[in-house]
Amino acid sequence: MTDDKTARSRDTLTDRLKADDMIRSEAVEAAFRRVPRHLFVPAGTSIEEAYSADAAPPTKKDVEGQIISSVSAPFLQAQMLEQAQLHPGASVLEIGSGGYNAALIAEVVGPAGRVVSVDIDPDVTAWAREALDASGYGNRVETVCADAEHGLAGSSVFDAIIVTVGAWDIPPAWLTQLDHDGTLSVPLRMNGVTRSIAFARQADHLASTSAEVCGFVPMQGLGERRERVLQLPDGHGRYVRLRFDTGAPEDPNLLDGVLADMKVRVWSGVEFPNGVSFADLHLWNACFLPGFCKVAADEGTELAQDRKSWFPFGCVFIDSFAYLAVRPAMDGAGIEFGAGAYGPNGEQAAAAMVEQIQAWDRRARRGPVPTFGFWPDGSDRSHIPDHVALLEKHHGLVTVSWPRASRP
């Protein structure tokens, strides 16, 4: 592979990220044009995949074949670097290693900056260390193998902390090691839905300065949060799986045999044009829809055969469950949202989902993007507005707020 070819690949990737408004600053642009991403991906990865804006090549899987470490997609890395608002000479703690992102950070903060990359997995830190050395960044990035839940022992505060694994909570140690005027950029999981949020301090809590849709492998170690999974058999050896971050049914046995009940559908009247993201609908439901869950269907199940007519989010209502359904609308230029449901109370489950679809349409769809807050244990919560969503964590409270919006 020639240097000219990899340089052209870096330029092509960077141009794509700029055109898509993922890269907005000259410093981040320069970093993407310099750092050789192909040296940080697994051997055998094609040059096309190495420099694809959307590709996240896995670097490690667990015994069940689940990806537990990967080189994050460039578009996500660009977004988070822009969110962090780094400057030359800054000190940066990266939580979740891999090498490439740390090298990008090193380019942005320059020779006078400091970059520390920490990961709980010794295989991952060894991989990162080898790639950093091979790419010429070995003396500009410090790698540490540790569980970052309790911070970095013996280290001072950082101007920015960038978390590159999915986090369910924000532990106190991160706030202790973040400079008073620093930025925390973290992919925060909120009832199963994740946003990469840039937080800045505001009095005794954190307030978001930006947020982006994202997806990351989950955190390991003390900060790990496992989802609860309910398997619903279809009677033919296949399953529909409901995954709960919080709010799993107290008596899951009530759902026994639910797939044998007749399926019902209820439509909302809410239409949406094709090609436009409605990711905030999922976030709204994660915040306000009781029994919210993610849905997955084995091939061969009735749901899987109808896969193009639904999205993998749902809710449980007593002995029934509903999922987000869609059908063509707007003369083929869009879709209408609704809910499909199984179970004795399927109509009520579908109605509960449709009610929240309509609420999102009235109150949030046309307004400003939602904002987020994190209120650590011990902070004064009396200033939290009444209309925001509240998501309890181990170390504090997450708030999600949609500024009230009315129809034009």
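These legends describe close-up views of a predicted model.

**View 1. Helix α5 is mostly covered by its surroundings.**
Helix α5 spans residues 100–109, and 10 of its 10 residues are buried. The buried residues are Y100, N101, A102, A103, L104, I105, A106, E107, V108 and V109. Helices among the elements that cover them include α2 (26–34), α4 (74–84) and α6 (122–135). Strands also take part in the cover, including β3 (91–95), β4 (114–119) and β6 (158–163). After α5 comes G110, which has a positive phi near 75°.

**View 2. A salt bridge joins E107 and R140.**
The closest N and O atoms of this pair are 3.9 Å apart. E107 belongs to helix α5, whereas R140 sits in the loop between α6 and β5 (142–145), so the salt bridge ties together parts that are 33 residues apart in sequence. Which of the two partners is buried? E107 counts as buried because its relative accessibility is 18%, under the 20% limit. R140, at 28% relative accessibility, counts as partly exposed.

**View 3. E29 and R33 form a salt bridge within helix α2.**
The side chains of E29 and R33 meet with an N to O distance of 3.0 Å. Both residues lie in α2, 4 residues apart, which is about one turn of the helix. An α-helix has 3.6 residues a turn, so residues three or four places apart point the same way. E29 has 17% relative accessibility and counts as buried, while R33 has 25% and counts as partly exposed. The pair is also part of a network of salt bridges that links D11, D15, K18, E29 and R33.

**View 4. D234 and R238 form another salt bridge.**
Here the closest N and O atoms are 3.2 Å apart. R238 is partly exposed, with a relative accessible area of 27%. In the whole structure there are 27 salt bridges.

**View 5. Helices α8 and α10 cross each other.**
Two packed helices are described by the angle between their axes and the distance between the axes. For α8 (residues 279–288) and α10 (residues 346–363), the axes come within 10 Å and cross at roughly 120°. The crossing of α8 past α10 is right-handed. Which residues of α8 meet α10? On the α8 side they are D280, L281, W284, N285 and F288. On the α10 side, the partners are Q356, I357, A359, W360 and R363. Sorted by type, the residues of this contact are 6 nonpolar, 2 polar and 2 charged.

**View 6. C287 and C315 lie too far from other cysteines for a bond.**
A disulfide is a covalent bond between the sulfur atoms of two cysteines. How many disulfides does a search of the whole structure find? The search finds 0 disulfides. The sulfur atoms of a disulfide must lie within 2.5 Å of each other. For C287, the closest cysteine sulfur is in C214, 15 Å away, so the two are too far apart for a bond. For C315, the closest cysteine sulfur belongs to C293, and the distance of 6.9 Å is also too far for a bond. C287 counts as buried at 15% relative accessibility, and C315 counts as buried at 1%.

Technical notes:
Residues are numbered from 1 along each chain as its sequence is written. This is a predicted model: local features need pLDDT of at least 70, side-chain atom pairs count only at pLDDT 80 or more; totals for chains, interfaces and linings use all residues. Side-chain values use heavy atoms; hydrogens and water are left out. Axes are lines fitted to C-alpha atoms, for helices over the stretch in contact, and angles run from 0 to 180 degrees between N-to-C directions. Helices (H or I, at least four residues) and strands (E, at least two) are DSSP runs, numbered from the N terminus. A crossing is left-handed if the near helix is turned anticlockwise from the far one by less than a right angle, and right-handed if clockwise. Contact means heavy atoms within 4.5 Å. Ala, Val, Leu, Ile, Met, Phe, Trp, Tyr, Cys and Pro count as nonpolar, Asp, Glu, Lys and Arg as charged, and the others, Gly among them, as polar. Buried means under 20% relative accessible area, exposed over 50%, partly exposed in between (1.4 Å probe, protein chains only). A salt bridge is a side-chain nitrogen of Lys or Arg within 4 Å of a carboxyl oxygen of Asp or Glu.
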